[in-house]
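The exercises below are to be worked with the sequence and the coordinates open. Each one sets a task and then gives a solution in steps.

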Amino acid sequence: MPNNKNSTHLAIIGAGPGGYAAAFLAADLGMEVTLIDPEPDPGGVCLYRGCIPSKALLHVAKVISETQHAKDWGITFGKPKIDLDKLRDWKNGVVNKLTSGLGQLSKARKINYIRGRAKFLDPNSLEVLAEDNQKQKLTFKTAILASGSYPVSVPNLTIDSPRVLNSTSALELENIPNSLLIVGGGYIGLELGTVYAALSTKVTVVEMLPSILPGADRELVSVLSKKFEQSFDSVLLETTVKKLTEIKNGIKVQFLPKDKTVLEKTYEKVLIAVGRRPNSEKLGLENTKVELDDKGFVKIDPQRRTNEPSIYAIGDVAGEPMLAHKATHEGRTAVEAISGKKVAFEPRAIPAVVFTDPELAWCGLTETEAKKTGRKVEVTRFPWAASGRATSLGRSDGITKLIFDPETHRILGVGIVGPGAGELIAEGVLAIEMAAVAGDLDLTIHPHPTLSETIMESAAMIFGTSTHLYRPKRKR
Ligand code: NAD
């Protein structure tokens, strides 16, 4: 709703999980807040076109694949009949419920929500261009920039065709293509590949590096790769796409593999998911002292203050990792700093979760990073084949892995692959934040039978005393 107020204590630009969490906390602390975003309600990319709609569809994918599993247990379901309109409506309903809920929470907190795009005129004022093209000037005491990021486009792959999708159009589920090429084996490519494969599309992923999910632990990724061998048509590694050409029934794709023998194939649709870039342009930052780094991220200090004392920056626009939960915590830190508290954004661990099947989640140090930096660590890995709960789910393909300091047994990193890994990783984050040692996890009573026991058992493994694995080592 346009608002004629022309001054505010705190202006927040962008109402994603960073911006709205900051706005809500600021209002709770008694600040007078204006939140600006082009969408009708708070939510940002995460709720409107990212995390939430993709998780709604991934849940459907999980239901479909569970029914396929069920034949191993003596229950046979028929081929799923997919009513695409109803599925789309359900996904949109999830988004609407959550975004309108955030709208209500914003109103209840008396936040001045302006629908529009903001641009800095100077260090204490903004111009807001509303949906109806009306311009409004807004002065502020402090601002938080939470403008997020946008998908990278690759110049030779940018062709104007409705058959070439990005994450937004892929989530619209216009149809279920027979074949889909996904360029980029990262979070988005693999999550949306999981959705489309479950809906019966033949999915191919092409990744330019030697492995999918280059930032994650290799051993855990290999479990996921094995699963993709069954669910995807193929995963082409160390391969790039040279050219896309629209033809009558699809997109002709020229691949350039490592051995340079050009390969050509046709797909009904192509999804480009090769990373995201910070939204730090066209914001009038040149009218302030805000500085950008060479990747376009806004430079910030531990309180998330930019080089311009009245302007803070949080979330994707302020640096990696581009994850909603990191943005939320940065937003809360910035607001506390603005309110005069002595705070800094210094997490010991930021969890990462890839919501594929199985899920892959990690936090803190990975074994791959430890090897790269030459840091001495001790590693335990508990195979889910030894977990009663995993076996009863018919999912013994998981691994829970702990990385310890060899001297103190302090937990430095946790990695989990398996269904529910995204939920389980929270215990690992807490362990790292609380500086827990192996004995703390080992002595903590975990409920039986649950997958959470795999964390307790992998901690016990360092002493050679895991109940469900016989790996004698040394006594405490
Ligand atoms: P990403 O960085 O996760 O993966 C991009 C992949 O594309 C990389 O593996 C990269 O090597 C590859 N690539 C780059 N150029 C290529 C080319 N020309 N040909 C083939 N491969 C190429 O990026 P994304 O999947 O687009 O996701 C963007 C961001 O969104 C991520 O940084 C992530 O933080 C966030 N995200 C998070 C989640 C989650 O938390 N579950 C889900 C979706 C997105």
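**Exercise 1. Place lysine 376 and classify its accessibility.**

Step 1. Lysine 376 sits in the loop between helix H9 (367-373) and strand E19 (378-383). The model is a predicted one.

Step 2. The relative accessible area of lysine 376 is 68%. Exposed means over 50%, so lysine 376 is exposed.

Step 3. From lysine 376 to threonine 444 the C-alpha to C-alpha distance is 26 Å, with the two positions 68 residues apart in sequence.

**Exercise 2. Describe the surroundings of the ligand.**

Step 1. Count the shell: 20 residues lie around the ligand, and Ile188, Glu191, Glu207, Met322 and Val353 come nearest.

Step 2. Sort the shell by residue class. It divides into 13 nonpolar, 4 polar and 3 charged residues.

Step 3. Assign the shell to secondary structure. Helix H6 (residues 187-198) supplies the largest share, 3 residues.

Step 4. List polar contacts of the ligand. A polar backbone atom of isoleucine 188 is 2.8 Å from a ligand oxygen atom. For glutamate 191, a polar side-chain atom is 2.8 Å from a ligand nitrogen atom. For valine 353, a backbone N or O atom is 2.7 Å from a nitrogen atom of the ligand.

Step 5. Compute the cover. On its own the ligand has 840 Å² of accessible area, of which the protein covers 81%.

**Exercise 3. Relate phenylalanine 355 to glutamate 191.**

Step 1. Phenylalanine 355 belongs to the loop between strand E17 (352-354) and strand E18 (359-364).

Step 2. In sequence, phenylalanine 355 and glutamate 191 are 164 residues apart; in space their C-alpha atoms are 6.1 Å apart.

Step 3. Check for contact. With neighbours within four places in sequence left aside, phenylalanine 355 is in contact with Lys55, Leu58 and Glu191.

Step 4. Phenylalanine 355 has 28% relative accessibility and therefore counts as partly exposed.

**Exercise 4. Find the residues that touch the most other members of the largest nonpolar core.**

Step 1. The largest nonpolar core has 37 residues, and Leu213 and Leu360 touch the most other members.

Step 2. List the contacts of leucine 213, without residues up to four places away in sequence: Gly185, Gly186, Tyr187, Leu190, Arg218, Val221, Leu224, Val354 and Leu360.

Step 3. Apart from this core lies another one of 27 residues, including Met31, Ile111, Ala146 and Val343.

Step 4. As background, nonpolar side chains in soluble globular proteins tend to be buried together.

**Exercise 5. Locate unusual backbone geometry.**

Step 1. Recall the usual case: most residues other than glycine have a negative phi, and most peptide bonds are trans.

Step 2. Look for cis bonds. The bond from glutamate 320 to proline 321 is cis, with omega near -10°. Proline 321 is in the loop between strand E16 (311-313) and helix H8 (324-338). Histidine 448 and proline 449 are also joined by a cis peptide bond, with omega of about -5°. Proline 449 is in the loop between helix H12 (438-443) and helix H13 (453-460).

Step 3. Look for positive phi. Histidine 409 is not a glycine, yet its phi is positive at about 65°. It lies in the loop between strand E20 (399-404) and strand E21 (411-418). Alanine 435 has phi near 55° and is found in the loop between helix H11 (421-433) and H12.

Step 4. Compare accessibility. Histidine 409 is buried at 13% relative accessible area, whereas alanine 435 is partly exposed at 32%.

**Exercise 6. Characterise threonine 239 and glycine 44.**

Step 1. Threonine 239 is part of strand E11 (residues 239-247). Its relative accessible area is 6%, so threonine 239 is buried.

Step 2. A polar side-chain atom of threonine 239 is 2.7 Å from the backbone oxygen of leucine 237. Not counting residues up to four places away in sequence, threonine 239 touches Val206, Glu207, Met208, Phe255, Leu256 and Pro257.

Step 3. Glycine 44 lies in helix H2 (residues 44-49) and is buried, with a relative accessible area of 8%. Beyond its neighbours within four places in sequence, glycine 44 is in contact with Ala15, Gly16 and Arg49.

Step 4. Glycine 44 is 294 residues from isoleucine 338 in sequence, and their C-alpha atoms are 23 Å apart.

How values were computed. Residues are numbered from 1 along each chain as its sequence is written. This is a predicted model: local features need pLDDT of at least 70, side-chain atom pairs count only at pLDDT 80 or more; totals for chains, interfaces and linings use all residues. Side-chain values use heavy atoms; hydrogens and water are left out. A nonpolar core is a set of buried Ala, Val, Leu, Ile, Met, Phe, Trp, Tyr and Cys residues joined through side-chain atoms within 4.5 Å. Buried means under 20% relative accessible area, exposed over 50%, partly exposed in between (1.4 Å probe, protein chains only). Contact means heavy atoms within 4.5 Å. A residue is near a molecule or strand if one of its heavy atoms lies within 4 Å of it. A polar contact is a pair of N or O atoms within 3.5 Å; within protein, one must be able to donate a hydrogen and the other to accept it, and residues adjacent in sequence count only if both atoms are side-chain atoms. Accessible areas come from the Shrake-Rupley method with a 1.4 Å probe; for residues, only the protein chains shown count as cover. Helices (H or I, at least four residues) and strands (E, at least two) are DSSP runs, numbered from the N terminus. Ala, Val, Leu, Ile, Met, Phe, Trp, Tyr, Cys and Pro count as nonpolar, Asp, Glu, Lys and Arg as charged, and the others, Gly among them, as polar.
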